[in-house]
Amino acid sequence: MPRLTFAVLSGIQLLAAVSAQTWCNKHYMASQPVVPPGGNFPIAAVSKDPLLAFRCAAAMKPYLEEDVRAPAGVLIDSPVVYSKIVGAQPIGLPAGPLSGKLDVTVSLNGKTLVNSLVPLNASAYELPFSLDGITPRMTPYNLSCEATYLTSNSSNTSPPQTYSASAALSVLPNPTNSSVTKMDMRTGALLAKPATGLGGTYEPIFPIGFYTTFDGYLSTNLSAVDTLKNQGFNIIHIVPSFDNMTAFEMVLDRMQEVGMYLMYDMRFTYMNNTSVMEQVNSIKYRPNLLLWYTGDEPDGTSDPLNATSIAYDLIYSLDGYHPVSLVLNCQDYEWASYTAGTDIVMQDVYMIGNNVTWSNEWNTTCTPDYGDCGCDNCFSIPAGNSAAVSPNSTYYGSTVPANSGIGSYFDISDRVSSFKNRLEVMGWERTKAVWTVPQAFGSAEYWMRTPTGEEWVVQSIMGINQGALGVVPWVDPNPEYIKTAASAFALSLPKLAPYIFYSPSKRSNYIVGGVDIAIWTTGIEALVLATNTNYVTSEVVWKDIGLLGSNFEVMYTSGSVKTTSDNFVLGSVASAAFVVRPKSWV
């Protein structure tokens, strides 16, 4: 769980945890019994027959009154699945290869907006329509999406196979004195105008910037805003409390002047409706407001299951022009209930410097039913895998045993991918996005040491490679070597993000030895983002990741990186990004 460096807020968090005597609804003190926490995300039942998970979503949230002359869009997803995910219905398929199409009609209040044929297994298949005649308002419209399955074997006597879904369509009045953050449902990217408030066009934003302490840091060091901007960060998540409101307003003003976006945090007050109303009405007019933040690990503290949804609905009733975010700490405790109340769900696996199976704080074991090790349900590196042991590790054995307690970077990728998979099960894959929170602290509580700069980069890339679309590390201030490494990565992101946000691109993932690799293919080019999770040198041959005779450009490096026309070599926990133009694809 995150820890602030200043005693006042650490005390608040520790008091909350101790008074509850649970974390992720698990007992963790030696005097407490083992009681299964419950709240597990249900595993979708397997179906022996094919099912169609027909879904639709507006292509953008929100549309504005000014968008009426530009084409709007509805995204259709039509995966044929064999698991009983939300909304999946039986589909009778003809023998042989998958064939046939869906005759899809999208309507609003009985009026057809668009009708088109859509293939099976389509992903984000966009159907354009016009917003003309749709009156802007603060409450969303409800789109009706109907589909009929057509095949060459269909006869007039066989009953039609029909499917239905619905989607929210937000068409808002043009704001008169506030910013707007749009969410591109094709990619999950946020779009915003420049944070200065001086005008400009909507551009995709890959948010990167720290949870940043206000009292005692930003409140007394206004120049830190300029420094963070020059280091390549584009967002500041200011951590409450905000005891000096004059200084707070000065910080927000300076952020706007230099073009830094704000992620506004209501962690201590999001369950107080009166306070939320006051804060939203005060901050929503800020030109550099990018998004709201409500629950800070509400699953850890077992907040009421509807708390995040209540706050979410209230915020949208007051604003509607900016998305809502939160972070979850537990691997699997009431995930759907808390995620229902957000547009962006973040994960914060912290596995560096702590024993993930034996609690340094409570002197107890950690299992799926008991204990708090600062990394919920995290797994040790595999037995015998000495290559994954940091030279800074507190484990000094010559052979790594099973259940060693040494954390694995793959817990980060597993957490992000599991969040993404759960979104698909719930039918939320178009309307919600996942971000990642790398560890930028240590040497206290559960964590015996602080990550190195290269380790910080590994954590960030492990999240991005599984689809995380924002990087918000905990916490600043932090050691200069972390800030230096994070800055270099932040400065490289504007060159990488266009590949990640290119909606037709396809992401493929590889693990070669201990190297985690993602490739975004955009026709004749591909972005390759690779990170070595091992503390020994690792080689990757281009053809082993589907690229032959590659011409490449090195876009970013962290640690020792060497390249040839046949391969690339990453040193201990090194990382690299390449734009590759292969002569052929494997």
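1. Among contacts in the protein chain between residues at least 6 apart in sequence, what percentage join residues at least 24 apart? The figure is 74%. Keep in mind that this is a predicted model.

2. Overall build. The protein chain holds nine helices and 34 strands. Its C-alpha trace spans about 75 × 55 × 55 Å along the principal axes. The radius of gyration is 24 Å. A compact globule of 586 residues would come out near 25 Å, so the chain agrees with that expectation.

3. Inside and outside. Of the 586 residues in the protein chain, 56% are buried. The accessible surface comes to about 23,200 Å². Carbon and sulfur atoms account for 54% of that surface.

4. Charge. The protein chain carries 32 positive and 48 negative charges. The mean positions of the two sets lie 7 Å apart.

5. Disulfides as a set. The whole structure contains four disulfides. Counting bonded cysteines along the chain, the pattern is 1-4, 2-3, 5-6, 7-8. Three of these links are taken up in the points that follow.

6. Cysteine 24 with cysteine 330. The sulfur atoms of this disulfide sit 2.1 Å apart. The angle about the S-S bond is -100°, and the link is left-handed. Cysteine 24 lies in the loop between helix H1 (7–20) and strand S1 (46–52), and cysteine 330 lies in the loop between strand S21 (324–328) and helix H6 (335–339), so the bond ties together parts 306 residues apart in sequence. Both cysteine 24 and cysteine 330 are buried.

7. Cysteine 56 with cysteine 145. Here the S to S distance is 2.2 Å. Which hand does this disulfide have? The torsion about the S-S bond is about 95°, so the link is right-handed. Cysteine 56 belongs to strand S2 (residues 55–58) and cysteine 145 to strand S11 (residues 141–150). The pair links distant parts of the chain, 89 residues apart.

8. Burial of that pair. Is cysteine 56 buried or exposed? Buried means under 20% relative accessible area. Cysteine 56 has 10% relative accessibility, so it counts as buried. Cysteine 145 is at 0%, so it counts as buried too.

9. Cysteine 366 with cysteine 373. The sulfur atoms in this disulfide are 2.0 Å apart. The link is right-handed, with 105° about the S-S bond. Cysteine 366 and cysteine 373 are both buried.

10. Cis peptide at proline 240. Look at the bond joining proline 240 and serine 241. This peptide bond is cis, with omega about 20°. Serine 241 sits in the loop between strand S18 (235–239) and helix H3 (245–258).

11. Cis peptide at tryptophan 474. Which residue does a cis peptide bond join to tryptophan 474? The partner is valine 475, and omega is about 10°. Valine 475 lies in strand S24 (residues 474–476).

12. Asparagine 377. This residue is not a glycine, yet asparagine 377 has a positive phi of about 55°. Where does asparagine 377 lie? Its place is in the loop between strand S22 (344–347) and helix H7 (410–426).

13. Serine 443. Phi of serine 443 is also positive, near 60°, in a residue other than glycine. Serine 443 is placed in the loop between strand S23 (433–436) and helix H8 (453–464).

14. Serine 487. This residue is found in helix H9 (residues 480–500). Serine 487 has a relative accessible area of 10%, so it is buried. What does serine 487 contact, leaving aside its neighbours within four places in sequence? Its contacts are Gln231 and Phe233.

15. Places to open in the viewer. For a disulfide between two loops, go to cysteine 24 and cysteine 330. For a disulfide between two strands, go to cysteine 56 and cysteine 145. For the cis bonds, go to proline 240 with serine 241 and tryptophan 474 with valine 475. For positive phi outside glycine, go to asparagine 377 and serine 443.

Conventions: Residues are numbered from 1 along each chain as its sequence is written. This is a predicted model: local features need pLDDT of at least 70, side-chain atom pairs count only at pLDDT 80 or more; totals for chains, interfaces and linings use all residues. Side-chain values use heavy atoms; hydrogens and water are left out. Helices (H or I, at least four residues) and strands (E, at least two) are DSSP runs, numbered from the N terminus. The radius of gyration is taken over C-alpha atoms; the globule rule is 2.2 Å times the number of residues to the power 0.38. Buried means under 20% relative accessible area, exposed over 50%, partly exposed in between (1.4 Å probe, protein chains only). Contact means heavy atoms within 4.5 Å. Accessible areas come from the Shrake-Rupley method with a 1.4 Å probe; for residues, only the protein chains shown count as cover. Lys and Arg count as positive and Asp and Glu as negative; His and the chain ends are not counted. The place of a charge is taken as NZ of Lys, CZ of Arg, CG of Asp or CD of Glu. A disulfide is a pair of cysteine sulfur atoms within 2.5 Å.
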